[in-house]
Every structure is written in C-alpha cells, then in structure tokens.
Amino acid sequence: MDYPFDAIVVGAGGAGLWAALELAREGVNTAVLTKLYPTRSHTGTAQGGVCAALGNLEEDHWEWHMFDTVKGGDYLVDQDAAEVLAREAIETVIELEHMGLPFNRTPDGKIDQRRFGGHTSNYGEAPVRRACFAADRTGHMILQTLYQQCIKHGVRFFDEFGVVDLLFDGGEPGAGGRAAGVVAQRLADGELHTFRAKAVLLATGGFGRMFRITSNAHSLTGDGVALCYRHGIPLQDMEFFQFHPTGIVGIGILLSEAARGEGGTLLNDLGERFMERYAPKLMELAPRDMVSRAMYQEIRAGRGIGGKDYLYLDVRHLGRKVIEEKLPDITDFARIYQGVEPLTEPVPVQPTAHYAMGGIPTNVSAEVTRDEKSTVVPGLFAAGECACVSVHGANRLGTNSLVDLLVFGRRAGRQMARYAGGVERPRPIPNAVEPVRAELEAIRARPSSGESAAAIRTELQAEMMDNVGVYRDGKLLTAALAKVRELEARHDRISITDCGSVFNTELIEARELGYLLDIAHVTVSSALARTESRGAHSREDYPERDDKKWLKHTLAYRGTDGPTLRYKDVSITRFEPKPRTY
Amino acid sequence: MNVDLRILRYDPERDKAPHWETYAVAVDPMDRVLDLLIKVKAENDGSLSFRRSCGHGICGSDAMLINGRNRLACRIRVDQLGKKISVAPLPGLPVVKDLIVEMSGFFGKYRSVKPYLINESPEPERERRQSPADRARYDDTTKCILCAACTSACPSFWARPEYVGPAAIVQAHRFIFDSRDEGAAERLEILSDENGVWRCRTIFNCVDACPRGINITRAILEVSSAIVGRRG
C-alpha cells in the first residue's frame with residue numbers, strides 16, 4: 001500500500017515523539033512508524049535524570065552546562081550545538097513538567113535536582129545539582145509523558161512497522177535528491193508498504209547490540225543509521241562509543257550513575273576508592289570514559305574483586321531511605337539479576353557498551369548533512385542517539401542523551417513543520433518496495449547454507465567487545481577489521497528456517513544483523529584511522545590527544561570496498577581546547 | 001544444569017491449533033526465561049517468535065504466562081522456577097503467533113481513559129509547584145509499563161473482554177490523584193460505566209502479576225471510592 005503523508009517520523013522514543021508532537025500542534029499530517037510499541041522504546045530505560053541549569057538548589061548557569069559538555073566531550077563537541085543544548089535544556093524541562101512529567105520535588109515544590117558525572121559549577125570547580133529526575137525512572141516518565149501528549153494531540157501511530165528502506169526524489173542524496181518517504185514492513189503480516197512524505201525524521205536510536213556486553217535493548221540495531229549509510233550519507237565520529245562504568249557483570253544491564261550522584265562509591269579488591277588516583281577532584285563523578293578506563297587499569301593491575309574482571313559499587317552507607325526512595329529500580333536490578341542486596345552488600349559491576357556519540361550528521365535544526373561543508377539533504381532529518389549534531393563529541397556526559405533527544409527532537413519537529421509548509425509532496429515512486437522485497441526474498445529463498453544470523457551475531461559481538469572496546473590499538477583493530485569483513489561475507493550467505501509471513505522475527509533479525517555489520521565496519525575503520533586518544537576512543541599505541549592533527553570530525557562514506565574517510569572541522573566558539581583533567 | 005522448557009507453539013500459517021513443544025535446554029540457574037527463549041531460537045528453531053526489547057523489565061514487551069503465572073520473561077530466573085518450565089502466551093488475548101498476542105485492544109482501552117494531563121489553566125513561566133506529599137500520592141501508579149500482565153491475569157476480564165481492565169485503571173489513577181490534573185471528573189465518568197471499575201472483584205491476580213510491584217487493587221479501590229465520593 002502507498003500512504004501519503006506530509007511528515008514521517010521513524011522511531012517512537014523521546015526524540016521521535018517530541019517531534020511528532022510539534023508536528024501535530026502545527027497541524028502537519030504526520031505518521032509515526034515504530035518497529036515496537038511506542039512505550040517499549042529505549043528512552044524508557046534511562047534512569048538517572050535530565051540536566052538543565054534550573055538552579056533550584058544552588059547557583060547554576062547554562063554556560064556552565066555548555067562548558068561541561070564541551071570539556072566532557074574532549075573538545076570534539078561542536079560548540080554552537082552545545083550552546084543550543086544547554087540553553088534549551090531549561091525550557092524543555094519546564095515544558096515537560098507542564099505536560100505532566102512527575103519530577104521529584106524539593107520541599108518547596110520545585111523540581112528536585114541531583115549531582116551527575118562531569119556536571120560542575122563555575123567551569124569545573126565542584127559537582128553541581130543539575131540533573132532533574134523522577135526517582136530512577138526519568139526516561140520511563142519522559143517516554144510515557146510524551147506518548148500521552150501524542151495521544152492527546154491525535155498523532156497517528158503505525159506500531160510494529162519496521163522501516164527497511166529510505167526513498168528519495170530527484171536522485172540519491174549525494175546527487176542532490178530530497179527525502180521522499182520510507183518503505184516499511186508491517187511485522188504482523190510481512191507486507192511492505194510505502195509511506196510518502198515531504199519530511200522524514202530518523203529517530204531510530206543506538207546500536208549497542210554490536211557489542212557482547214551492552215546496556216542496549218535487543219532492538220537497538222542502528223536501522224536508520226545503516227540505511228543512511230547505504231544511501232550514500234556519511235556517518236560521523238563512529239569511532240566514539242561510550243562504555244558506561246557500572247553495568248551488571250556478564251549481562252551489561254545498567255546501574256545508573258545516579259547511584260554515584262547520590263554518593264555511591266567504587267571500590268577495588270583492597271577496598272580502596274581507586275578513583276582518588278585518576279580524578280582526585282570529581283572522584284566517582286568523573287566522566288564515564290575516564291571511570292571506565294580507571295576500572296580497566298585496576299582490573300589489569302590485579303585489583304579487580306578476587307582478581308577477576310569486575311569491581312564493586314557500594315551504596316550501603318547511603319541508608320535505606322535514600323536507596324529506596326531515590327534508587328529503587330537499580331536496587332531491584334541488583335537483586336533480580338545478580339542476587340545481591342545493595343542495602344547490605346557491595347554490587348559487582350563492570351563497564352558496559354552504552355551509547356554511540358557518532359551517527360548521522362546533522363546541523364542544529366536536525367537537518368541531515370552530507371559533506372564537509374554541511375550541505376543539507378532536503379527533507380531528511382535525524383535526532384536523538386542515531387544523530388550526531390555533535391553535542392557529545394568524543395564522550396557524552398551523563399543525562400545529556402536525554403537533553404539531546406528532547407532539545408533536538410523538538411527542534412526537528414519545528415523545522416520539519418516549516419519545511420513541509422513550503423514544498424510539494426513527492427509523487428509516488430514506481431516499484432519503490434522492489435529493491436527491499438528482492439533482498440528479503442533472497443534470504444527467504446536461500447537453501448540452508450549453515451550460516452545463521454544468531455551465530456554471526458554472537459561472533460560479531462565478541463569481536464567488537466574484545467578488540468574495539470574501552471582500550472584499542474592498531475593490531476587489535478586490524479584484526480577486528482578482517483573479522484568484520486569475514487562476517488559480512490558470511491552474512492551474504494545467511495539462510496533462515498521460518499518461511500512464514502506473520503511475525504517472521506528470524507527474517508527481521510537477519511536484516512538487523514546486516515545493519516550492525518555495516519555499522520561495525522565503519523566503527524572499526526574510523527577507529528583504526530584515528531591515531532590519537534580522545535574521549536572514549538583510547539588508543540594504547542597513541543595515548544595522547546593530538547589537536548594539531550585530529551581536532552576534526554570523521555565522515556565515513558560507503559565505498560565499494562569498505563568506508564572512505566573524510567574529515568570535517570569542529571565548531572569552536574567560546575572554549576579553546578585545554579588538557580582535560582578532573 | 002538442564003531444564004525441560006515447554007512452549008505453547010502456534011503458527012497461523014501452518015497450525016490449526018496451538019500445541020506444546022518441549023526443548024531440553026542447558027542453562028545457568030541465574031539465566032532468565034528470556035535467555036532460554038533466545039537460546040531455543042538460536043539453536044533449536046529459528047521460527048520461534050516472541051516480543052522482547054530492553055531485556056530488563058522496563059519496556060514491557062515480554063509478558064507471558066510462565067509456569068501458570070503472568071511474568072516478564074526477562075525478570076524471572078530459572079532458579080525461581082525449577083527444572084520444568086512452561087511458557088505460553090498471555091491468557092485472554094488473541095494469539096497471533098507463538099508467544100505474540102494481539103495488543104491493539106489493550107492499548108485501545110488505555111487510550112479510552114484519557115491517559116494524559118488535563119490542565120487548561122495558563123502555564124506559569126517556570127514549573128508548576130507540587131509538594132513532595134502530593135507527588136507521593138500517585139507515585140505507585142507512575143511505574144506502570146503497559147505490559148498487560150495484570151489485565152490478562154484478571155478473571156473479570158476473561159469473563160467480560162469489554163472490561164476496561166486493571167492497567168487502564170492504573171493509568172487513570174496516575175492522573176486522577178495528580179494535584180496538577182483537572183480531568184478527574186471526565187475519567188471517573190468513563191470508569192463508572194458498566195465496563196469500568198465495578199467489574200473488579202478484588203481477586204488480586206493483577207497484584208500478583210505486576211512486574212513493577214504496583215498495588216493495583218488498592219489503586220482500583222481508590223478510584224472506586226473517588227466515584228462514590230463524587231456521587232455522595
């Protein structure tokens with residue numbers, strides 16, 4: 001079927017929902033497509049808070065938030081974007097409250113705020129209370145609140161429609177084409193549909209599933225990111241992937257930084273607060289890349305718990321009241337998934353693959369750009385984790401993922417409404433679904449080859465975890481590149497056993513694995529080329545940051561034999577790069 | 001250790017009726033049922049279909065009937081279940097394929113209670129104030145993840161599928177008792193009709209089923225009392 005709309009939003013997490021809400025308020029005929037149900041989106045798992053310099057408990061200013069964001073990102077942040085982020089964080093949080101978000105409150109009824117990693121007062125002096133929160137389910141409440149508002153405003157949802165291709169009018173984006181819609185598969189019956197629109201927003205989230213130990217949902221396979229890449233749009237800064245320090249050992253489920261924001265400590269086998277040695281001022285509230293590296297150093301020095309590959313997160317001294325009122329969910333996670341009682345025992349933790357700083361390049365209006373000159377692809381937008389605007393640079397600060405998706409989701413919706421008002425709807429594209437249909441049919445029709453998505457996925461995840469993780473070097477990355485190429489070749493021979501049309505999740509997973517392989521390839525190639533250490537990209541063979549050579553964004557284009565790399569300048573407006581100490 | 005995992009299978013394109021299949025699965029006692037399903041799909045039968053996303057009890061995708069009780073597959077461990085584990089789709093909802101049920105009716109009921117803040121007063125420049133006590137009044141029902149475990153465990157819902165069900169009442173409660181909301185009267189009107197709160201027989205299945213530990217029966221009773229109070 002062919003559905004004509006004016007705007008299409010792909011993905012129903014925080015960014016997609018806020019954009020849809022803006023479009024609905026402007027009366028733009030909009031459809032939201034999600035491969036899940038909206039309330040299943042991964043925004044819902046964000047725990048600790050959303051930073052905004054409200055100053056409800058102590059002095060704070062958006063300029064301080066901007067500075068922390070730039071420094072936290074090891075100066076790879078585009079400072080014009082960071083300024084937008086820090087300024088508009090304030091009004092978006094207030095607007096969320098007006099929409100009904102149940103923030104925790106101060107005794108005088110204002111939004112309560114707590115400390116979070118890397119967020120400081122007066123340009124780095126001391127931790128500041130900036131994170132607004134709803135217990136430790138802030139993301140859940142953001143997702144619910146935005147979905148509620150979308151219902152109130154009559155937004156049209158296509159639940160369990162997986163987007164499998166992007167459509168362009170007037171040629172591919174590299175040749176000046178504009179966005180014309182998407183092809184989506186209805187999971188309930190496998191049918192392919194075209195959704196035509198003037199403006200298309202990609203808000204498809206992250207792709208942590210390319211790693212073995214990850215906090216990311218099974219559904220986070222980078223669909224929108226990979227589809228852009230396949231259509232010639234470059235991917236920006238993909239070598240920067242954040243490992244969060246406190247994942248549950250072995251399975252990666254996150255124990256929020258809020259635990260440390262409330263005063264939780266990290267301990268090694270000797271019972272030492274080892275962060276003293278790595279970040280004497282901010283201690284456990286140093287940025288995540290630094291804490292994760294410190295943990296690896298401790299483990300390598302034999303000071304992991306019992307000599308093993310994990311450390312302790314200790315919240316016992318916070319007392320029952322703080323733990324139960326402010327950290328209930330993560331306490332529950334420790335009990336359920338580790339059988340540990342945080343009230344009386346320290347909790348074993350290890351770094352877990354958490355967040356992609358890189359993604360689809362955009363400007364501050366969430367318009368997708370396609371080259372070093374930031375040439376806009378007309379009608380195509382991206383926001384949230386799948387996008388790279390770039391407010392996180394080489395390392396994202398805690399809570400800034402939520403700030404990012406709120407601020408730029410909102411901006412995306414507004415810009416899409418303006419754009420859609422001034423252009424004609426693209427005409428139907430003949431045979432738009434045929435390329436994807438052929439790809440899916442090829443997998444379905446292939447006789448058993450012995451190659452399954454599950455097996456290839458397991459090997460990819462192990463390779464990325466072991467060789468493209470917290471620490472990297474040229475030799476490991478070269479090996480990883482060869483492995484990814486091998487897995488890509490095997491993926492071309494993949495076969496499935498399910499011949500049906502109804503919820504053929506085996507077919508869907510095979511396609512999702514292809515997205516992950518594309519993204520892994522770009523990640524490894526970008527990391528291999530960047531011969532310096534900056535933020536989350538830490539090369540043991542190039543341990544120093546090299547501003548002279550590498551203060552620039554990577555742009556990876558799809559080539560015939562893997563990615564071709566080009567580079568783009570970083571926007572520096574207020575803060576000159578300095579050494580990064582805490 | 002090994003467990004016998006029985007799964008109620010159904011493929012609408014092949015089967016006339018659901019049937020049980022049993023798989024011997026090597027597991028760790030700390031594995032969750034979701035881990036087992038993923039393992040069976042990878043190693044035994046790629047066509048096994050189920051919903052899952054976050055994998056740690058927040059997204060609400062993988063509610064199913066596990067050893068006779070509604071549970072999230074990602075939140076229940078093998079060591080809590082024993083060596084024989086049976087998994088079936090949520091009861092009371094139409095089965096689409098294997099463990100996947102039709103959810104549109106469930107979400108339709110959710111939408112019917114106006115699950116959004118209703119407040120038409122002019123917005124202040126900063127946040128609306130709310131005391132910690134007023135905030136605590138509806139805290140429990142903000143935890144709902146719309147997994148449908150409660151509604152599909154409710155005998156009143158099985159007997160009368162038109163019943164709005166515990167999940168929708170929980171979502172209404174979240175707003176009715178929010179001091180910032182002005183829509184209580186509209187929602188109480190909706191919930192006082194023949195398919196509203198009076199269908200609840202306080203059987204407490206919903207409370208047992210809720211993976212978020214919400215005291216659902218209490219929430220329903222508070223809504224019922226508010227209806228009575230309004231009439232009185």
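A crossing of two helices is called left-handed if the near helix is turned anticlockwise from the far one by less than a right angle. I begin with that definition since the pair of helices I want to show you in chain B is described in those terms, and I should add at once that what we are looking at is a predicted model.

The pair in question is helix H5, residues 166–176, and helix H6, residues 184–191, both of chain B, and their axes come within 10 Å of each other and cross at roughly 155°. Angles over 145 degrees count as roughly antiparallel, and H5(B) and H6(B) are therefore roughly antiparallel to each other. As for the hand, H5(B) passes H6(B) in a left-handed crossing. If you would like to find the contact on the screen, H5(B) brings Ile169(B), Ala172(B), Phe175(B) and Ile176(B), while H6(B) brings Ala184(B), Arg187(B), Leu188(B) and Leu191(B). Sorted by class, that contact of H5(B) with H6(B) has seven nonpolar residues, no polar ones and one charged one.

Let me now turn to chain A and its domains. The domain assignment gives domain 1 of chain A as 1–240 + 357–430 + 555–573, domain 2 as 247–351 and domain 3 as 434–532. The C-alpha centres of domain 1 and domain 2 of chain A lie 29 Å apart, and the contact between these two domains takes 21 residues from domain 1 and 21 residues from domain 2. On the side of domain 1 of chain A that touches domain 2, strands E5 and E6 of chain A each supply at least two residues, and E5(A) gives the most, with five residues. That side of domain 1 divides into seven nonpolar, 10 polar and four charged residues.

Where, then, do E5(A) and E6(A) sit? They belong to an open sheet of three strands in chain A, in the order E4-E6-E5, with antiparallel pairing. The edge strands, each of which pairs on one side only, are E4(A), at 50–51, and E5(A), at 113–121. E5(A) and E6(A), the latter being residues 126–132, pair in the antiparallel sense over five bridges, and within that pairing Gln113(A) stands opposite Cys132(A) in E6(A).

Another set of strands in chain A involves E10(A), residues 192–196, which pairs with E1(A), residues 2–4, in the parallel sense over three bridges. There, Tyr3(A) has Phe195(A) of E10(A) as its bridge partner. E10(A) also pairs with E9(A), residues 178–186, but in the antiparallel sense and over five bridges, and Gln185(A) stands opposite Leu192(A) in E10(A). The hairpin of E9(A) and E10(A) has five residues between the strands, and in that hairpin Gly190(A) takes a positive phi near 75°.

Finally, the two chains together. How many residues does each chain put into the contact? Chain A contributes 44 residues and chain B contributes 41 residues. On the side of chain A that touches chain B, at least two residues come from each of helix H3 (79–99), helix H4 (138–152), helix H10 (328–338) and helix H15 (505–529) of chain A. The largest share of that side, six residues, comes from H4(A). By class, the side of chain A that touches chain B divides into 18 nonpolar, 19 polar and seven charged residues.

Definitions and conventions. Residues numbered from 1 in each chain as written. Chains lettered and ligands numbered in written order. Predicted model: local features only at pLDDT ≥ 70, side-chain atom pairs only at ≥ 80, totals over all residues. Contact = placed C-beta atoms within 7 Å. Helix = DSSP H or I, 4+ residues; strand = E, 2+ residues; numbered from the N terminus. Nonpolar A, V, L, I, M, F, W, Y, C, P; charged D, E, K, R; others polar. Axes fitted to C-alpha atoms, helices over the stretch in contact; angles between N-to-C directions. Parallel < 35°, antiparallel > 145°, perpendicular 65-115°, else oblique. Pairing = 2+ DSSP bridges. Domains from an automatic or database assignment.
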